[in-house]
Amino acid sequence: MHMKTVLILLVLALATIFALVCVLLTRGRAPGTCQHQPPEQEDPDDGQSLVFADLTPEELAQVVRYLQGNLGVQLVDASRAKPSDNCIASVDVQVPAKAEVLRFLDGGGARPRREALAVLYFGNQLDPNITEYVVGPLPTPVYHRDVTVQKYGGKVPYHRRPTLAVEYKQIAGFLKSQVFPTAPSFMRQVMEYDGANLAALTAAPRGFQSGDRITWFVLFQNVSGFFVHPVGLEVLVDHSSLDISRWAVSRVFYNGQYYRDMVQLESAYVQGRISVEKVRKAPRDGDFSSMKPRAPAAALFPLQYEPQGPRYSVRNNQVVFQAWSFAFGMSVNTGLRLFDIRHKGERVAYEISVQEALSVYGSNCPGGMSTRYMDGSFGIGRYTSPLVRGVDCPYLATYLDMHYLAHSQVSRVSKNALCIFEQNLGSPLRRHYSNLQSLYYGGLVNSALVVRSIATVGNYDYVWDFIFYQNGAIEGKVQATGYASSSFLHGDGLRYGNRVWEHTLGTIHTHSVNYKVDLDVGGVKNSLVAHDMAFEMTRAPWSPEQQIERPRLTKKVLDTEDQAAFRLQSKMPRYVYFAANSKNKWGHQRGYRIQVTSFAGDHIPEASSMERAISWARYQLAVTRRKEEEPTSTSIYNQNDPWTPTVAFADFINNETITNEDLVAWITAGFLHIPHSEDIPNTVTVGNSVGFLLRPYNYYDLDPSIYSHDGVFFTSEQDFTACETNPLACLPKTASCLPNFPPFTYDGFQNR
C-alpha cells in the first residue's frame with residue numbers, strides 16, 4: 001500500500017474520531033427540561049375568595065334535589081320540558097351582599113352563607129310565570145326564598161322567559177313535520193329539501209309588543225359555516241301558545257316577497273308566479289365557508305414558554321401574580337367576572353364583570369332587520385367554548401374547567417373553559433436610552449397576566465380578556481371573531497351591507513358590550529373627578545409683545561349621576577377618575593382613571609319602543625351610586641320583552657349625589673361592523689377589539705413597576721455581559737431548557 005494512501009486513511013480516521021467526539025460532547029451539553037420554581041409570592045387568601053366561588057357539581061345537584069322535593073309541584077327536566085311544564089331553567093351562585101362580604105374579608109366578620117339562585121319556569125299553573133328562588137345554605141339546603149318581587153317589583157310574566165334549547169328543537173320539529181310538507185313542490189324542487197339539509201337561525205326579539213312570542217327563523221344550507229349560506233326562505237312562527245299543537249305560521253318570506261303561509265307560497269310557485277333564485281348546493285364542508293386551511297402546514301409558529309415555570313399561582317378560584325390578587329368566576333348568563341381585585345395588598349376594585357353583549361342588525365330581509373341580539377339572555381357563560389391549546393391561548397397556559405346548570409336538571413362541565421397565562425407582549429412597558437450627559441439604558445419588559453374565556457353565541461365568538469399589568473393597570477378587552485351573520489341578497493340589499501358571495505349579503509350591524517366596574521379606590525367611598533385641557537392665551541413674560549398659546553389643566557368634580565352620564569357620541573373628559581379620600585405623597589387625591597377604547601356605531605333611536613331595554617348602550621360611561629337593588633345593567637328577560645323591560649338601566653340615573661359615595665362605573669364599548677369579502681370565511685379579531693383600561697392616577701407616589709424583578713439597567717461603564725449587571729446576559733444559562741409540552745387533547749365535542 002502506498003504511503004500516500006495510508007496517510008489519507010489516517011486523516012479520515014482522525015476526522016471521524018473528532019466528529020464523533022464533538023457529537024458526544026454536544027449531546028452531553030443538550031439542554032435539560034425546564035425546572036419549575038414556585039412563585040415567590042405567597043397566597044394571602046386562606047380560602048376567603050371562596051365566598052365568590054362558582055357552585056360545584058355537588059352543590060348544583062343538592063339544589064336540584066332540594067327544589068324537586070320542597071316546592072310541592074312536579075318539575076320536568078328542562079332538557080325535555082314543554083312550554084306548559086314546570087322546570088328549573090338555571091342555577092347559579094348567589095353572590096352575598098357587598099357589605100356582608102366586606103365585613104368577612106376586612107372586619108373579621110362571619111363567613112356569609114353560601115346560597116344559590118335558581119330560576120324556575122312555572123308553565124303548569126293558572127298564572128304561568130318565572131320565579132327566582134334563593135336556596136341555602138349550601139352544601140345542604142334547608143330553605144328557599146322567593147326574591148322575584150323584591151328584585152323586579154312584581155311577578156315576571158311567563159312570555160319573557162329566555163328560550164330553552166328544547167323549545168328550539170320543538171320549533172325545528174314543527175317546521176319539519178307540519179310546515180315544510182305544506183309546500184312539497186317548492187321545498188323539493190327549489191330547496192332540494194331532504195329533511196336534513198336546512199338549518200334555521202332565530203331572530204330576536206320576538207314580535208312588536210309585550211306578550212308576543214312570534215319569531216322569524218331564517219333558513220340556511222345545513223353545511224359547515226351555514227351562517228353565510230342563506231337560501232332566501234324565512235318563516236315567522238307564532239309559538240306564544242303553551243300548547244305546541246296550536247303553534248302556527250304567521251308569515252313566509254321568499255326572495256323579497258311575503259306570503260301568508262307555505263301553502264300560499266306553494267300555490268304561487270306551482271302557478272309560476274314567483275321569481276325563483278336557485279342556490280347552488282354546497283358540499284358538507286361549506287366550500288367557501290369552510291375553516292379548513294387552504295395551505296399545508298409549514299414552519300411552526302413562535303411559541304412561548306416559562307423557563308422556570310409559571311410566575312403566578314391559582315388556588316381554588318383565586319389568582320396571585322406578583323403584586324396582584326383576585327378571585328374569578330363564571331356567571332351562566334353574563335360570563336367571566338372578577339372580585340376583590342387587589343394590588344400590593346390593597347383593594348382597587350370589588351367587582352369587574354361583563355353585563356351584556358348586544359348586536360343590532362340591518363337588512364332588507366325580515367329576520368335580519370328585526371334582530372337585536374342580547375346575548376346574556378342566551379347565556380354568555382353557558383356558551384363558553386372549550387379552549388384549544390396553542391391557538392385560543394398559549395399552549396402552556398393554565399386551563400380550568402367550568403361547571404354550570406342551565407336548560408337541564410343535570411350540571412354540565414365545559415372543559416378548559418378558562419385559561420390563565422403570563423404573556424410577554426414583545427414590547428417594553430417602559431424604557432429609555434440615554435445618549436445625552438450620561439450613557440445608560442433602562443427598561444422593563446411588558447409582561448402581563450391574562451385571564452381569558454371565549455364564548456360562542458350562535459355565529460359569533462367573543463374573546464373575553466382581563467389583563468393585569470405591572471404598573472397597576474387593568475385592561476378589560478373583548479375581541480370579536482366567528483362568522484358574520486348574513487341575509488339572502490335581493491333587491492336593494494346593498495343598502496344594508498356588502499355582497500360577500502353569490503347570494504350572500506353580509507349585513508351591517510353594531511356590537512355593544514357593557515361592563516360593570518365597581519372600583520374601591522383607597523376605600524369604599526369615592527368621588528368622580530374630571531381632568532382635561534384647554535388652551536389659554538398669555539403674553540410671554542420675557543417678551544410681553546409676544547403671545548403664547550399654552551395648554552392648562554382643567555378640573556371638575558362631577559357631583560351627580562346626571563353629570564356622570566356621558567352619551568355615546570358626546571365629548572367626554574379625557575381623564576375621568578375615581579378619587580379616594582386619601583392623598584399621595586405629593587398632595588394629590590389618589591385615583592384610578594377610566595379610559596374607554598371604543599369606536600361604537602350609533603345607538604338605536606330612543607324613540608324606539610324597545611330602546612329602554614338596552615338603555616345602558618346610550619352611554620359610553622355612566623357612574624352611579626352602588627345599590628344592592630341595582631346589581632346588573634340589564635336582565636335576561638329583556639330579550640323576549642324589550643317593550644316592557646324587566647330592568648331599564650336609564651332608571652338608575654336619577655341625579656343622586658355621587659360625592660364621597662360607593663360608586664359603580666358602567667362602561668360601554670363597541671364597534672360598527674360592515675361585513676366585507678375578507679369576512680369570508682370568518683371574521684378576524686384584528687381591528688375588532690374594544691374595551692377599557694383602569695390606570696392608577698396619582699394612586700402611588702411613583703410607578704410601582706420600578707419594583708419589578710424584571711427591570712433591566714446598565715451604563716456604558718458597566719460590563720453588560722455580566723449576569724450580575726444584566727439578567728438578559730444570563731439567558732443562555734437560565735433559559736436554555738426544554739419546555740415540557742403536554743400531549744394535545746381536546747374535549748370540546750363531548751358533553752355538548
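What covers the buried residues of helix 5? The cover includes strand 7 (214–221), strand 8 (230–238), strand 9 (248–254) and helix 7. This is a predicted model, in which local features need pLDDT of at least 70 and side-chain atom pairs count only at pLDDT 80 or more, while totals for chains, interfaces and linings use all residues. Residues are numbered from 1 along each chain as its sequence is written, and side-chain values use heavy atoms, with hydrogens and water left out.

A look at the whole chain helps to place these elements. The protein chain is divided into domain 1 (48–155), domain 2 (165–289) and domain 3 (313–697), with bounds that come from an automatic or database domain assignment. The centres of domain 1 and domain 2, taken over C-alpha atoms, are separated by 38 Å. Between these two domains, nine residues of domain 1 are in contact with five residues of domain 2, where contact means heavy atoms within 4.5 Å.

In domain 1, strand 3 (residues 129–136) makes a good starting point. Helices (H or I, at least four residues) and strands (E, at least two) are DSSP runs, numbered from the N terminus. Eight of the eight residues of strand 3 are buried, so this strand is largely enclosed by the rest of the structure. Here buried means under 20% relative accessible area, exposed means over 50%, and partly exposed lies in between (1.4 Å probe, protein chains only). In a regular strand the side chains alternate between the two faces of the sheet. Both faces of strand 3 are covered, with Asn129, Thr131, Tyr133 and Val135 buried on one side and Ile130, Glu132, Val134 and Gly136 buried on the other.

Which strands pair with strand 3? Two strands count as paired if DSSP finds at least two bridges between them. Strand 2 (residues 115–122) runs antiparallel to strand 3 and is joined to it by seven bridges; Leu120 stands opposite Thr131 there. These two strands form a hairpin with six residues between them. Strand 4 (residues 143–146) is also antiparallel to strand 3, through four bridges, and Tyr133 faces Asp146 across this pairing. Six residues make the hairpin link from strand 3 to strand 4. Strand 5 (residues 156–157) is joined to strand 3 by two bridges, again in the antiparallel sense, with Ile130 opposite Val156.

Domain 2 brings the text back to helix 5. Helix 5 (residues 165–179) has 15 residues, which at 1.5 Å a residue should span 21 Å; its end C-alpha atoms are 20 Å apart, which agrees. The expected span is 1.5 Å times one less than the number of residues. The buried residues of helix 5 are Val166, Glu167, Gln170, Ile171, Phe174, Leu175 and Val179. An α-helix has 3.6 residues a turn, so residues three or four places apart point the same way.

The sheet beside this helix is open and has five strands in the order 6-7-8-9-10, with antiparallel pairing. Its edge strands, each pairing on one side only, are strand 6 (198–202) and strand 10 (257–259). Neighbouring strands of this sheet are turned by 25 degrees against each other on average, direction ignored. Strand 8 and strand 9 pair over six bridges in the antiparallel sense, and Asp238 has Ala248 of strand 9 as its bridge partner. Helix 5 lies across strand 6, strand 7, strand 8 and strand 9, at about 105 degrees to strand 8. For such angles, axes are lines fitted to C-alpha atoms, for helices over the stretch in contact, and angles run from 0 to 180 degrees between N-to-C directions.

Is Val279 buried or exposed? Val279 counts as buried because its relative accessibility is 17%. This residue lies in the loop between helix 7 (262–270) and strand 11 (312–315). Leaving aside neighbours within four places in sequence, Val279 is in contact with Gln221, Pro230, Val231, Phe488 and His503.

Phe488 leads to another sheet, since strand 22 covers 486–488. This open sheet has three strands in the order 22-24-23, with antiparallel pairing. Strand 22 and strand 23 (497–501) are its edge strands, each pairing on one side only. The twist averages 40 degrees from one strand to the next. Strand 23 and strand 24 (residues 504–507) pair over four bridges in the antiparallel sense, and Trp501 stands opposite Thr504 in strand 24.
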